[in-house]
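Here is a short report on one protein chain. Please keep the sequence and the model in view while reading.

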Amino acid sequence: MAVTSGPCLLSVAFVAAAWVSGASSVPEKAGSSHKSVSCMPCSRTYIADAYIDSLTGQLAEQRDLTEVSDTADLCKGLTDDLDMPTVSEVHRQLVGEGSHRRLVYSVKFGNCKDAMVKFLDGYDANLVIIEKLPSGVFADLFELQHFVERKVFLDVAVFGDTNLELPSALSNRSAVEIHFDLKPSKSMDCNLVVELALHARYPPLDASGYVTVEFGGPDLLVRYRKKETHPGSCIWVLQNLNAAPLEKAVWRVPCGDEVHAGFVSSLTFVSALVCSMSIVLAASLIS
């Protein structure tokens with residue numbers, strides 16, 4: 001688990017953009033059900049840490065995991081003749097009310113019962129989802145860590161701005177990366193459900209009483225490696241799953257009305273003054 005610079009269930013998994021120069025890619029095969037294939041050494045735990053600096057700008061929205069440097073040929077021979085599990089359906093829904101919501105994902109594998117079981121006999125594999133959060137929304141890493149401790153998913157990391165106290169106007173964007181361990185299991189039933197707990201930061205004042213926050217599409221990958229590997233030659237292969245574009249998720253975050261700002265400030269000041277005087281009077285009477 002990791003935090004860098006900078007509720008309420010999760011059943012499964014979460015991939016953001018850019019790559020380090022040591023990664024490599026191979027072209028997509030004709031008729032393949034996957035967008036692209038990339039590789040990275042097993043010593044590197046997370047995928048999203050390579051683009052942290054771009055979270056504060058537009059680059060994170062425009063770049064994709066397929067934008068991989070080809071300075072090394074790490075993937076050669078690792079992706080040949082593999083019957084990979086494919087994703088047939090992905091749905092996303094924002095549920096809840098007010099300033100605390102959940103992003104619920106439903107992931108369905110198309111060739112799960114045969115292809116996945118055979119594939120997992122020879123490979124360790126994880127489903128990886130990276131959700132790039134819009135400005136004004138954050139995920140609490142300490143809350144997510146409980147699901148790692150309970151082995152609901154394999155690992156979790158939050159990148160970017162992890163200061164939970166900052167209001168929207170002073171905060172930067174962040175991203176959540178979740179790893180879910182794919183295992184042959186009768187209970188899996190080829191369907192996975194993800195619930196990511198999210199919280200809204202204090203938004204700026206608005207006359208409408210609401211601020212609209214819109215979520216972009218997540219990155220969805222399968223990360224795998226051979227079960228019998230030596231530490232020095234261990235390579236993770238990442239396949240970007242060819243999931244259809246998800247339905248738009250829009251969050252109307254409640255906010256204050258600027259018309260009421262003067263009245264609320266005055267009432268807060270008077271209340272604080274009365275409380276302070278009461279404390280001073282009570283202290284003097286006791287003494």
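Aspartate 219 is buried, with a relative accessible area of 5%. The value comes from a predicted model. Aspartate 219 forms a salt bridge with lysine 132, with the closest N and O atoms 3.3 Å apart. Aspartate 219 lies in strand β12 (residues 219–226) and lysine 132 in strand β6, so the pair ties together parts that are 87 residues apart in sequence. Lysine 132 also counts as buried, at 11% relative accessibility.

**Salt bridges**

How many salt bridges does the structure hold? There are four. Three of their pairs are described in this report, one of them above.

A second pair joins glutamate 131 and arginine 92, whose closest N and O atoms are 3.5 Å apart. This pair links distant parts of the chain: glutamate 131 sits in strand β6 (residues 123–133), arginine 92 in strand β4, 39 residues apart. Are these two residues buried or exposed? Glutamate 131 is buried, at 0% relative accessibility. Arginine 92 is buried too, with a relative accessible area of 4%.

A third pair consists of lysine 248 and glutamate 214, with 3.6 Å between the closest N and O atoms. Again distant parts of the chain are linked: lysine 248 is in the loop between β13 (235–241) and β14 (249–254), glutamate 214 in strand β11 (residues 210–215), 34 residues apart. Lysine 248 is exposed, with a relative accessible area of 56%. Glutamate 214 is partly exposed, at 43%.

| Salt bridge | Closest N and O atoms | Separation in sequence |
|---|---|---|
| Aspartate 219 and lysine 132 | 3.3 Å | 87 residues |
| Glutamate 131 and arginine 92 | 3.5 Å | 39 residues |
| Lysine 248 and glutamate 214 | 3.6 Å | 34 residues |

**The sheet around β5**

Arginine 92 leads on to the sheet, as strand β4 carries this residue. Four strands form an open sheet in the order β4-β5-β10-β7, with antiparallel pairing. Which strands are at the edges? They are β4 (87–97) and β7 (137–138), each of which pairs on one side only.

β4 and β5 run antiparallel and are joined by ten bridges. The two strands form a hairpin with two residues between them. Glycine 98, in the turn, has a positive phi of about 70 degrees.

On to the next pairing. Nine bridges join β5 (residues 100–109) to β10 (residues 191–200), and these strands are also antiparallel. Tyrosine 105 can be followed across the strands. Arginine 92 stands opposite tyrosine 105 in β5. The bridge partner of tyrosine 105 in β10 is valine 194. For valine 104, the bridge partner in β10 is glutamate 195.

**A buried arginine without a salt bridge**

Arginine 101 also lies in strand β5. Arginine 101 is buried yet has no salt bridge. Which side chain of opposite charge is nearest to arginine 101? That is glutamate 97, 7.4 Å away. A salt bridge needs the nitrogen and the carboxyl oxygen within 4 Å. What does the arginine 101 side chain reach? At 3.3 Å it reaches the backbone oxygen of glycine 96.

**Helix α2**

Helix α2 spans residues 112–122. Its buried residues include Cys112, Ala115, Met116, Phe119 and Leu120. They cover an arc of only 120 degrees around the axis, which puts them on the same side of α2. An α-helix has 3.6 residues a turn, so residues three or four places apart point the same way. The face of α2 turned away from the buried side carries exposed residues: Lys113, Asp114, Lys118 and Asp121.

**Lysine 151**

Most residues other than glycine have a negative phi. Lysine 151 is not a glycine, yet its phi is positive, about 60 degrees. Where is lysine 151 found? It is in the loop between α3 (141–149) and β8 (155–160). At 70% relative accessibility, lysine 151 counts as exposed.

**The whole protein**

The protein has four helices and 14 strands. Of its 287 residues, 44% count as buried. The accessible surface comes to about 14,900 Å². Carbon and sulfur atoms account for 55% of that surface.

Conventions:
Residues numbered from 1 in each chain as written. Predicted model: local features only at pLDDT ≥ 70, side-chain atom pairs only at ≥ 80, totals over all residues. Heavy atoms only, no water. Pairing = 2+ DSSP bridges. Buried < 20%, exposed > 50% of the residue type's maximum accessible area, 1.4 Å probe, protein only. Areas by Shrake-Rupley, 256 points an atom, 1.4 Å probe, with all protein chains shown as cover. Lys, Arg positive; Asp, Glu negative; His and termini not counted. Polar contact = N/O pair within 3.5 Å; in protein donor to acceptor, adjacent residues only side chain to side chain. Arc of directions from axis to C-beta.
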